[in-house]
Amino acid sequence: MKDYQKVFAGILISTAVLVALTGCSKLMTPQKQNDTAMNVAVNTPAPEEGLIPVKVKGGFVAKVRHVIPGYCLDNFTPQVAVVTRFQSLPFTVYLGEKKAAELKIDETYYFEIDSSMTIDITQQDYDKGCAEAEKMLVLYNLRIASVRVATEEERGMVPIPMQYVKV
C-alpha cells in the first residue's frame, strides 16, 4: 500500500469514528427539557379538575395463548399470561405464580378484576364508561382477583362490560 493510500485510509477512519462519537453525545437542551415538562403538565389532569374516585367492577373473557415469566426479578417462573379477546390483538396480564400455574394454553378464562382498588378518573372518562380490558389494565394498573374457566354464556362475541362504581 502506498503512503498516500495509508494517509487517506487513516483520515477516512478517523472521520468515521468522529462522526459516530458525536452522534452519541446528544444532550437534552434546557428548551427541550422545558418542552417535555410542559407536555407532561398539559396532558396530566390536576387534582382540582374534578377527578372522581371509582372502583372497577367486573372482568373480561380471554383465551390464553402463552404463559411466560415476568422477566423483572425472575426469568423462569411463569407469572404473566399472553391472552387475546375475541378478534383482538394479544396483550399481557400479570397474574402471579399461583394463578399462572392454573392456566392451560388455548383455554378461555374469565379474569375478574380486583374491585378493592380505588382509582381516580375524569368526569369525561366516567361518562364514556369503561374502556376495553387491555386499555384499562395498562391505564390504571389493575390487578386480577381471580381466574376461572369461562362459561358458555360468557364466551360470546359481545364482550362483558366492566363498570365504574363511585366510591
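**Group meeting: an aromatic cluster, a small sheet and helix H5**

Hi everyone, let's start with Phe 60, which is buried, with a relative accessible area of 2%. Please keep in mind throughout that this is a predicted model.

Who sits with Phe 60? It forms one aromatic cluster with Phe 91, Tyr 109 and Phe 111. In total, the count comes to 4 aromatic pairs. One of them is Phe 60 with Phe 91: the ring centres are 5.9 Å apart and the planes make 50°, which counts as tilted. Phe 60 belongs to strand S2 and Phe 91 to strand S4, residues 91-94, so this pair ties together parts that are 31 residues apart in sequence. Phe 91 is buried as well, at 10% relative accessible area.

Now, over to a sheet. Here 3 strands make an open, antiparallel sheet, in the order S6-S1-S8. S6, residues 118-121, and S8, residues 163-166, are the edge strands, each pairing on one side only. On average, neighbouring strands are turned by 50° against each other, ignoring direction. If you zoom in on S1, residues 52-57, you will find 4 bridges joining it to S6. As an example, Lys 55 has Thr 118 in S6 as its bridge partner.

What packs on this sheet? Helix H5 does, touching S1, S6 and S8, and its direction makes about 100° with that of S6.

Let's turn H5 around a little. The helix covers residues 133-140, and its buried residues are Ala 133, Met 136, Leu 137 and Tyr 140. Why do I put those four on the same side of H5? Because they cover an arc of only 105° around the axis. Val 138 and Leu 139, on the other side of H5, are exposed.

Right after H5 comes Asn 141, with a positive phi near 50°. Asn 141 is a residue other than glycine, which is why I am pointing out the sign. Asn 141 sits in the loop between H5 and strand S7, residues 144-149. Is Asn 141 buried or exposed? At 59% relative accessibility, Asn 141 counts as exposed.

There is another positive phi to look at, near 65°, at Tyr 71, again a residue other than glycine. You will find Tyr 71 in the loop between strand S2, residues 59-69, and strand S3, residues 78-84.

That's my tour; thanks for listening!

Technical notes:
Residues are numbered from 1 along each chain as its sequence is written. This is a predicted model: local features need pLDDT of at least 70, side-chain atom pairs count only at pLDDT 80 or more; totals for chains, interfaces and linings use all residues. Side-chain values use heavy atoms; hydrogens and water are left out. Buried means under 20% relative accessible area, exposed over 50%, partly exposed in between (1.4 Å probe, protein chains only). Helices (H or I, at least four residues) and strands (E, at least two) are DSSP runs, numbered from the N terminus. The arc is that of the directions from the helix axis to the C-beta atoms. Rings of Phe, Tyr and Trp (its six-membered ring) pair if their centres lie within 6.5 Å; planes under 30 degrees apart count as stacked, over 60 as edge-to-face and the rest as tilted. Two strands pair if DSSP finds at least two bridges between them. Axes are lines fitted to C-alpha atoms, for helices over the stretch in contact, and angles run from 0 to 180 degrees between N-to-C directions. Contact means heavy atoms within 4.5 Å.
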